[in-house]
Amino acid sequence: MRALCWHDRHDVRVETVPEPKLINPRDAIVRVTLSAICGSDLHLYGGFVPGMVKGDILGHEFMGEVVEVGAAVKNLRAGERVVVPFPIACGNCFFCAKGLFSLCENSNPNAWMAEKLWGYSPCGIYGYSHLLGGYAGGQAEYVRVPYADVGPLKVPEELRDEQALFLSDILPTGYMAAENCAIERGDTIAVWGCGPVGLLAIASALLLGAERVIAIDRFAERLRLAALKLGAETIDYSEANVLEALKELTGGRGPDACIDAVGMEAHAYHNIAHAYDRVKQAMMLETDRPTALREAIMACRSGGTVSVAGVYGGWIDKFPAGALMNRSLTIRTGQTHVHRYLRPLLERITKGDIDPSFVITHRMPLDQAPAAYRMFRDKQDECIKVVLMP
Amino acid sequence: MPRSPNLTRADRIGYVVGGIALIVWALRRPSWSRALAASVGSWFLYQAYTGSNPMLKPLGIRVNREPAQPQLAETIVVEEAITISRPRAEVYAYFARPEHLPALADAEVDIARNVADQELAWRGLRGEKLAHFGSLSFRDAPGGRGTIVAAHLEYAPSGGSLGAALARVMGRSPQRLVADALRHARAILETGEAPSTSGQPSGLR
């Protein structure tokens, strides 16, 4: 089959590889009908995540048709159309039982690697480095899905692939980011980053009753989508001083909650701290550039919540612990517990409350994935979200 | 506060020899740079005296100079624990099969003690010689959260504490082996299978 393989920093290739086989009784094999490139795939593409090995198949956002199931999978049959959550979760352990699926204790065969870096290991993730299991991903024609009796969600016939695909990651991720804000009547939510997750966090915050959402980015097409499609107010951080602008827009008090939908490769303008982070990251003295996170903490109103959906990998410097402590801020974060949002969000989609396919800007064949990665990285052609057809 | 020892006898002899060599070298033709060598040398002597190298401390190496099994003059100690969301009897029954014990490879397992639902102890024999010994204890996790399995294992140091430290950094230590065996057991008991990617496709490596 054809699959997108990681080779090195900024080097991914479509190769012919063997088809996946069932390994465990709870596995299924899925023929991928649609997959997507995630912003977090760019962290792998850019070489910011340790534990990548030449030849690794990427992709953790995918859906398709079940072609084969293991002996222990009783709820799925060949031919059924499913969307697959990106966290690999067993459904049996302490964390799965609590609904914290992305913290599954059993799904990462390389847990010891993650423990070295993070203290304890979260769940395994498709195509997301050997630190998180080294599972072959879904930017391919076929993919093996472990614990298929727990993860995959059957997609009703009336939905198009494009409407259901984002249940795998970015819709639940945006939704959890908004849910973590514990939104109350009259709340203003500020969102750093208007990529697909940021846009879906804006849409979710509005679904959850936010009064206003303020979107922060530097790309005109993204801010346009946030404003015109979702009704957010916008700040272009390449021009405005974000902290000043937010203060002004919120009556001098700050947003009630702030969402960091950027993560470890943040950009900034006219900012000494940003130059400092670029240098330290290049010298491997700091793994992540936390510009958005710092700003979100400084901007948040006292007693408010900072919700972190952007991905961080290691360590950051100059973390504003003083602001966090003295102003009673709450930080909520985590890889998304996708499984617990699947059914409620599927219902939202079928009811027409939200159609997450609005973020798609490019539809390309899998064979053009390397070009798609380049375009997405460089934000060429107003690229916001690429979906790939095998 | 006394540090728990992390140097074996062989290590300490090496530290004494190395420390004295540095000091003697410095005294033969004194200079400022050799004074530094002399102080490093005395630091080695001090570590040989305390039996503990603070730089190895983050790696969690622990040496036991008076092991419970007198056939071994001294041992390196491994302790690991895991919580498994299954009833104690079931967890015990799994480990009661000798092949499921977190014993070190290339040693024959001889069950030394066996208290149902509470404890399993074994000796790892290489021929007649004792290579390691270990035990598992089982207790209920608080609040009905399943069973806590605590593993204690001691093995004869071959490469000294430096060898143990290197093995740990390389991820091939007895500590890893015990941790992996416990993790494997939890996966089997909770999910019915062990997570694996062996045999999955990849591009050219």
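This report describes chain B, its two domains and its second helix in a predicted model.

**Chain B and its contact with chain A**

Chain B contributes 23 residues to the contact with chain A, and chain A contributes 36 residues. On the chain B side, the touching residues comprise 5 nonpolar, 11 polar and 7 charged residues.

**Domains of chain B**

Chain B is divided into domain 1, covering 9–57, and domain 2, covering 63–191. Taken over C-alpha atoms, the centres of domain 1 and domain 2 of chain B are separated by 36 Å. The contact between them involves 4 residues of domain 1 and 5 residues of domain 2 of chain B. On the domain 1 side of this contact, 2 residues are nonpolar, none is polar and 2 are charged.

The two contact sides described by residue class are set out below.

| Side | Nonpolar | Polar | Charged |
|---|---|---|---|
| Chain B, touching chain A | 5 residues | 11 residues | 7 residues |
| Domain 1 of chain B, touching domain 2 of chain B | 2 residues | no residues | 2 residues |

**Helix 2 of chain B**

Helix 2 of chain B runs over residues 32–50; at 1.5 Å a residue, its 19 residues should span 27 Å, and the end C-alpha atoms are indeed 27 Å apart. Which residues of helix 2 of chain B are buried? They are Gly41(B), Phe44(B), Gln47(B) and Ala48(B). These residues cover an arc of only 115° around the axis, so they lie on the same side of helix 2 of chain B. The buried residues pack against helix 1 (9–28) of chain B. The face turned away from the buried side of helix 2 of chain B carries the exposed residues Trp32(B), Ala35(B), Leu36(B), Tyr46(B) and Tyr49(B). Just after helix 2 of chain B, Gly51(B) adopts a positive phi of about 75°.

Note on methods: Residues are numbered from 1 along each chain as its sequence is written. Chains are lettered from A and ligands numbered from 1 in the order in which they are written. This is a predicted model: local features need pLDDT of at least 70, side-chain atom pairs count only at pLDDT 80 or more; totals for chains, interfaces and linings use all residues. Two residues are in contact if their C-beta atoms, placed from the backbone, lie within 7 Å. Ala, Val, Leu, Ile, Met, Phe, Trp, Tyr, Cys and Pro count as nonpolar, Asp, Glu, Lys and Arg as charged, and the others, Gly among them, as polar. Domain bounds come from an automatic or database domain assignment. Helices (H or I, at least four residues) and strands (E, at least two) are DSSP runs, numbered from the N terminus. The expected span of a helix is 1.5 Å times one less than its number of residues. A residue is buried if 20 or more other C-beta atoms lie within 10 Å of its own, exposed if 12 or fewer, and partly exposed in between; C-beta atoms are placed from the backbone. The arc is that of the directions from the helix axis to the C-beta atoms.
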